[in-house]
Structure formats: C-alpha cells, structure tokens
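Work through the following exercises with the structure open. Each task is followed by a stepwise solution.

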Amino acid sequence: MSGNQDQIDYWNGPAGQRWAEAQESLDRTLASIGKAFLAFVAVKPGERVLDIGCGCGTTTLAFADAAGPNGGVTGLDISAPMLGLARTRAAGRAIEFVQADASVHPFRAEYDVATSRFGVMFFADPVAAFTNIRKALKPSGRLAFLCWRALPDNVWAAVPLLAARDLLPAQEPPDPHAPGPFAFADPVRLRAILESAGFNAIRIDKLDSVMNMASTAREAAQFALGIGPLARATAELDDATKAKIVARVSEALKKYETASGVAPPAACWLVGASP
Ligand SMILES: C[S@@+](CC[C@H](N)C(=O)[O-])C[C@H]1O[C@@H](n2cnc3c(N)ncnc32)[C@H](O)[C@@H]1O
C-alpha cells in the first residue's frame, strides 16, 4: 500500500476524464513551459526514458522522438482515462505505457532518465516514492522533473482563485505539504526529500514563464474552471454560481491579454539530480 488511494481515485474519476478531454488545450496552455522543460531534460538519441505521471502522453511522445529508434520510452501513470488517450496517440510506435503507482512499482535499474512534467507532487510519502524512483535509474542516470513554485507566484492560478474567493465553499487553510500541485513549492523541503531518498548533485533552478491560457479572457476563465486549483475548488458548485465565477475570473484575467492570447505568469522549478 502506498497511501496514494485518494490520488488514484481522483485521477481515475471525473478529473482524469476532464484532463483527457482538455489535452489539446492543456498542451497549448503549457507550450512555453513545456518547451523549456524538454530542453532541460535534453534526452539524447539512444537513451531509455521513464516518464512518470505521463498523463495523456504529450511528453512521452516528445521523449520518444528525441530518444530515436535506438532508445526507448516508458510512460507510467495511475490514470486509466489519461493513459487510454496516451496509448491512442502513440498507436503504431514502440512506446510502452504502464498503469502503476510510481511510488511502489517494482522498477529495475534500466533507465538513463527518470522524468516528469508536473506528475511527482502527488505522493503521500514523497521520500518513499523518490527512493523507489531512484531504483529505476542506471548508476549513470539522471532525474529531471518540473514542478510548481508557490501558488502566489503562479498568477495563472492565484488570480482566478482570488477573484472567485467569496463564491467558493468555505475551506480549512490547506496543508502546504499535502499531495497536490504546490506540494514542492518550498525548495528547502524539496531538496531534503531528494537527499533523504538518496539523490546527489541536486539542482533546483527557477523557471519563470507564462501559461498560454486561451485567446480571450473568457475562454481563459472557462479553462481555469476545468483544470487546476479553481477546478478543484468549484467541483461541487451549481451552474449558476459557476457562471458568476466565470464572469469574475474573466474580468480579472483581462489585464493579462496580449496580442497572442491570455498569458499570465507561471513559476516553476526545474529539478535535476543523480541517483
Ligand atoms: C498534473 S498531471 C500531469 C500530466 C502530464 N505529465 C502532463 O504534463 O500533461 C499529474 C499526473 O500525475 C499522475 N500521477 C499522480 N500520482 C501518481 C503516482 N503515484 N504514480 C504515477 N502517476 C501519478 C496523474 O494520474 C496525472 O496524470
């Protein structure tokens, strides 16, 4: 048992379905961040890559392109609906997909790279999970992943939440270390987790980017209600309240409209380490 059952239920439920349905717009939203991430991971021809929390397979496909015919890529995720889409997108290609919990999957030391785009912040016991992930790496291998910095620095998420604040159900202040998108916001804690899991040569680099949310503020507001922290906060609300929130969020996001779309700031960590 990994203690991750809540997350397994979450990513196999309506959230996993929404992510699969929104894959194209989500990838457009993550275009700038995703490009910087792929450059950071820098998969070379012939490498074997483990894509953890691969979701709908966008990065898995990109890693397979980079690794080429002499390399190999495994996408691993707990979400059946997201993996279903990933398998369809990769049809005819030699990419392996595995439905499993990365924190307990029995890995062998066969990968040159263990990586993830926003898929490693959801472990109930992150030290145990990264100790297990380390077992997937060859001694010469590397860990390279992307995670979010703190919520207030992520304007794309903070502004919609703030705009909708008084229309949201009352909530206890969240535990900042609980599994979730912002669990690794604190770099001191993140470094300690990776050190305790046995990693060396840890680097935690800032990536300041944008979320290319949509063409208009209204579309961006609708996107915010479908994916991300506001989606979680509004899941149980009725349609009339959600419509009010869309109007509010749309107004708040107008100031981030540019000629090429609505692009509020996003703040991430690019994390690297050796096993
Ligand atoms: C924020 S989504 C990111 C998906 C994908 N990497 C992307 O960038 O589009 C987080 C992903 O992590 C997966 N995930 C969460 N906990 C996991 C675990 N313990 N083992 C494997 N995958 C996990 C979820 O199912 C989900 O697909």
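The exercises below concern a predicted model.

**Exercise 1. Strand 9**

Task: Decide whether strand 9 is largely enclosed or open, and find which strands pair with strand 9.

Solution.
Step 1. Locate strand 9 at residues 265-274.
Step 2. Apply the burial cut-off, which is under 20% relative accessible area. Eight of the 10 residues of strand 9 are buried, so the rest of the structure largely encloses this strand.
Step 3. Look at strand 5, residues 137-148. Strand 5 runs antiparallel to strand 9, and six bridges join them. Within this pairing, Ala144 stands opposite Gly272 of strand 9.
Step 4. Turn to strand 6, residues 200-210. Strand 6 is also antiparallel to strand 9, with nine bridges. Here Lys206 has Trp269 of strand 9 as its bridge partner.

**Exercise 2. The cavities**

Task: State how many cavities of 30 Å³ or more the structure holds, then describe the lining of the largest cavity by class and that of the second largest.

Solution.
Step 1. The search of the whole structure gives two cavities of 30 Å³ or more.
Step 2. The largest cavity has a volume of about 670 Å³. Its lining comprises 41 residues, and those closest to the centre are Trp11, Trp19, Phe118, Gly119 and Phe122.
Step 3. Assign the lining of the largest cavity to elements. At least two residues each come from several elements, including helix 3 (23-29), helix 5 (58-67) and strand 2 (72-77). Helix 1 gives the most, with four residues.
Step 4. Sort that lining by class: 25 nonpolar, 10 polar and six charged residues.
Step 5. Move to the second largest cavity, with about 40 Å³ of space. Among its lining residues are Trp156, Ala157, Pro160 and Leu230.
Step 6. Helix 8 (155-164) and helix 11 each supply at least two residues of this second lining. Helix 8 gives the most, with three.
Step 7. By class, the second lining has seven nonpolar residues, one polar residue and no charged residues.

**Exercise 3. Buried or exposed salt bridges**

Task: Of the 12 salt bridges in the structure, take Arg117–Asp27, Arg93–Asp65 and Asp166–Arg248. For each, find where the partners sit and whether they are buried or exposed.

Solution.
Step 1. Arg117 and Asp27 meet at 2.9 Å, N to O. Arg117 is in strand 4 (residues 111-117) and Asp27 in helix 3, 90 residues apart.
Step 2. Check accessibility. Arg117 has 17% relative accessibility and counts as buried. Asp27 has 16% and is buried.
Step 3. Arg93 and Asp65 meet at 2.8 Å, N to O. Arg93 is in the loop between helix 6 (80-89) and strand 3 (95-99), and Asp65 is in helix 5, so the pair ties together parts 28 residues apart in sequence.
Step 4. Arg93 is partly exposed at 35% relative accessible area. Asp65 is exposed at 54%.
Step 5. Asp166 and Arg248 have their closest N and O atoms 2.9 Å apart. Asp166 lies in the loop between helix 8 and helix 9 (187-196), and Arg248 lies in helix 12 (residues 239-253), so this pair ties together parts 82 residues apart in sequence.
Step 6. Asp166 counts as exposed at 59% relative accessibility. Arg248 is partly exposed at 32% relative accessible area.
Step 7. Finally, look for shared partners. Salt bridges join Asp27, Arg89 and Arg117 into one network.

Definitions and conventions. Residues numbered from 1 in each chain as written. Predicted model: local features only at pLDDT ≥ 70, side-chain atom pairs only at ≥ 80, totals over all residues. Heavy atoms only, no water. Buried < 20%, exposed > 50% of the residue type's maximum accessible area, 1.4 Å probe, protein only. Pairing = 2+ DSSP bridges. 1 Å grid on protein atoms, 1.4 Å probe; cavity = no way out; pocket = protein on both sides within 12 Å on 5 of 7 lines; lining within 4 Å. Points joined across faces, edges and corners; volume = space filled by probe spheres on them. Nonpolar A, V, L, I, M, F, W, Y, C, P; charged D, E, K, R; others polar. Salt bridge = Lys/Arg side-chain N within 4 Å of Asp/Glu carboxyl O.
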